[in-house]
Amino acid sequence: MPNDDIVLELPKLYSELLISGHTIELLNGDTGTISEAWFSAICKHICNEYPKLRIFVISILGLQSSGKSTLLNALFACRFAVSVGRCTRGLFMRLLFLEKDLSDQLNIDAFILIDTEGLGAPEKMNDPESEKKDRILATFAIGVSNLTILNVLGESTRDLTEILQIAIVTMARLEKAEMAPDILMVQHVSERNIAKISEPEEKFRGALREALKIADEQDIEMGIFNTDCLKILDERIRNGQLLKPFRPFKNGATAYAPPSEQYHEDVVNLYNSIINDCKNSQNKIEFSQWHSLIHDYWKAVSHENFAVRFKNIKEIYEFIDLGKRITKMKETIDRSFQKHEESIMKEIRSKLLNWSSNDKSNINSALRNECLRLIEKELKDIPGCNIKCEECEKTNKERIDLEEYLKDKNNEKCEMETNQTIDNYITLNRQSVSTKLTQMLGASFIRKGISSEALEIINKRLEKILVSTPNGGFSDLQRKQKVDEIWDSLLKYVSSNDSTIPVIVQINKEVEEEYYNSLPIELYHQYEKGISPDLSKCKAYKVMSVNYLINCVQELTLSPCLKPIELLALQNKIDNSIDEILKERAYHFYPGIVRDLKKSVNQICLNYKYLPEFKWNVHLHALLKFKPKMICSQEQWDNENTQLGMLNQKKDEYLKLIDTRLQYGHTLVSEGHIVGDYLLRVIHKKAINAGNRERKDAVCNTPWLTCAESVRLKYFEHLAQQVRDGNKEEAINHFLNPKECIEDWFKRAVDNIKGGNPEQKYKDTFHAEFNRVLQDIRNCEHFEETKMFINNYMTQVDNIDYKLDLNQITEEHLKIFLFTIEEELKTRGNDSRREPFQCPSDDKSIMEKLGCTEACYWCGALCWGSRDHHENSDKTKIHHTSHQPAGLACAYNRKNKLTATPCHNITDDKDMYYFGKDVPTKWGVVKVQDFSDWKFDPHCMHFFNDLMCWFFVTLYEDLAKRRNLKPPSRKDLKKNGCLSLNYNDIISTIKTKI
């Protein structure tokens, strides 16, 4: 048996064969299947080798033994297998790269040639499904091609009619699916009828009419009631652009007859027509996009509502593709603003070296205004800044690529809305970064003031202590006691001037103002005790009418309490509302925040016919969810923005400074040790930042983190393997609470990614910086040079407020000062100043890769969109997902049976009961009226639909038991495609996609 490494290498070897011109199997003719994992793996290697490969796809269709492979070989010098009695089974493809001149002329890089199995094979005559299979094969071949050659041997109207029937039905289907493949028809005339070469045209038109009649009468799946495709074909015939009569292949009737010059001329003529069609085609495609659609098109062609399904696959693919491109664009915009934010903050830190503790001439006010102007000026043109900026150049290139992509789509509305989305995002980023920098500037001024005041208090206390220093100096124990005394007095002083009211007091005060006279007293007491209501057991709706109970056939609870899926939707809305309120004001308390929460909860309840007492329970639930989040956010904000928080951040610095002064007094030696300590702190921060970046980059480069789609594939692969191994609890918990579960899993997953080596990066950066600083200190020859280097180095990182402010010193004293700095660096350079690296999940840009975590109200499926995509101005703001069997979210029918129906299988005329309404609403109206922010079409990834069905079949007994419900009926499972699923096939395909 081959080992795993050899097996994993096979797709790459096959891709190399395909690239070098060999033929590979696309569709297995015996099983009628495409090996998705295998074909995807081959195509993935081609995409890696040629990421922007532009292709034009040509397929050939014809009856069995009509010479299809021979014609392709003659046209393109291929090596499709041909011999007497040999027939192609399935579909085979070849990649044909073009020479540069032809490539430039046609604006493509390669042809893909597809040779197909013969239609109407005699050995299939006894198969009642043979005609349907031929139509499916033809539909697929035409659908994945830019141009299809219809190859007919002889003059028989029957043969013409058969092939045209298939082609017309296919074209009508594709026309309804908004696809327009080109067709050329080749008719081979036998030698004895060569004199009749002018006759096929009229016969061809008669065949067209006959084919249309047969298609109209016999096509069960979709009757054709318009003649648009016939008109197009007929017009092409009149222009001489469709039918290509071919003379005999050989110059004579014997087996040894030489090749026919006329046949050669016909091949050249057809080749030129193909080249001309390719040159004029508006539907060229990249290989990466083409191969992504192959599997889902094949799955779709046998769907009972083919045209709708085919159109949906195309639309949803383009919808998702546009969403990915917008997300990528946003990521580059984020990096541009982040780069400039760091640059602006560094410049602000340099300017703040001029901050004065004695501001009699309003220096600090002028300095603040100067910094504010700097922020406004620097952010104004991002990402179109004039300076040489790598990130802005990448962003602008990405914008150009996106605009070209949109122009190719020839959809002005989509182009306008997408550009509006990007422009809005740039504006939002500019405002956000401006606010952040302004707050950081304000915090820096506060920190400067605290540092100045703290040092003044420390120095006063030190003066009193140092005058009574024993001759031998303080012992280690005495110094520690003095250090603690000074710190405690400093802490006490700052605390006495801190008028900040604890956030919990402010919250309770506002809750009392907003709710004491309205919230039922027993619920108000529950708030005071922190007892959250169990909304699943609270009566939400009034007792339903008899008419409602009789007519209710929709899968929903007949209880006045919320269904599990309704409760989940409500809780998610409340969580999102709380997050939006906190985000709006930079995650800190502001007067009126509880009032804003109250308004938001009222708005959430507005569309639901909840009972008044249930609404108050919702308010209580929201308050008790909001309170701990607000307290946690405020604590983090206080640490960064209040005097006491800032002082505590500097505790280690001040303890070291006090201890140094107690040892050496106010001397140059003392200042040298303090400078050395601060230089080491900056070196350490720079090394920690480098380690954090290393860890973050490792996460960003993880293949399954490329987009929200791949994250979900990875997550559900993980859940499926857990279930397969008999561990169902995690999967069950997910389907009961998807948002919370995927967010928890994602945080754990990214924090446990082991790529990169942040520890080594820290060490390398620390040693490099340490050696550079040591050398720069040694190179200093004058005091002003030394002072400038030290003060500038302190601006390299945030939250270091030290400034060397000594007056001019003698050359001898400078030597002592520099020697002491070097001694401090060498002595303590190897000290372990360790702290944990930042968790990747704490980084906003990493968490954005998780994507949107909204769940469908009806089936509980997670949205597949990017993070905050609902804020877009274009169509990608709509939530989309692979809708799952609704029973996974414990949706059930009036017989208390879990339902296997996903949203995309609900018919538009179905009566739906929701939001506590007594009167039903048709599903077609529901989607537009109350859920227009969701797509309810099938997802283009059919294998993911299969995985969700597999989950349901595997878990429905546990879910039913958990909610005291009944399992679904076998009929329901079969109807919704939940039976006969192969776990290994599904997972292997998902692993390939990941």
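This is a short tour of three places to select in the structure, which is a predicted model.

**Stop one: a nonpolar patch**

Start by selecting L10, L13, Y14, L17 and W38, which together make a nonpolar surface patch of about 390 Å². Now colour helix α1, residues 4-19: with four residues, α1 gives the most to this patch. Click on L17, which sits in α1. Its relative accessible area is 35%, so L17 counts as partly exposed.

**Stop two: the strands around β5**

Next, select strand β5, residues 147-153, where six of the seven residues are buried. Add strand β2, residues 54-62, which runs parallel to β5 and is joined to it by five bridges. To see one pairing, show I58 and its bridge partner in β5, L147. Then bring in strand β6, residues 182-188, which pairs with β5 in the parallel sense over seven bridges. Here, look for L150 opposite M185 of β6.

**Stop three: the two faces of α17**

Finally, move to helix α17, residues 521-529, and show L523, Y524 and Y527, which are buried. Why do they lie on the same side of α17? They cover an arc of only 105° around the axis, which puts them together on that side. As a general point, an α-helix has 3.6 residues a turn, so residues three or four places apart point the same way.

Switch on α16 (503-515) and α21 (612-641), which are among the elements covering the buried residues of α17. On the face turned away from the buried side, you will find the exposed residues E528 and K529. End at G530, which follows α17 and has a positive phi, near 75°.

Conventions. Residues numbered from 1 in each chain as written. Predicted model: local features only at pLDDT ≥ 70, side-chain atom pairs only at ≥ 80, totals over all residues. Heavy atoms only, no water. Patch = residues over 30% accessible without salt bridge, like charges linked within 9 Å, V, L, I, M, F, W, Y side chains within 5 Å. Areas by Shrake-Rupley, 256 points an atom, 1.4 Å probe, with all protein chains shown as cover. Salt bridge = Lys/Arg side-chain N within 4 Å of Asp/Glu carboxyl O. Buried < 20%, exposed > 50% of the residue type's maximum accessible area, 1.4 Å probe, protein only. Arc of directions from axis to C-beta. Contact = heavy atoms within 4.5 Å. Pairing = 2+ DSSP bridges.
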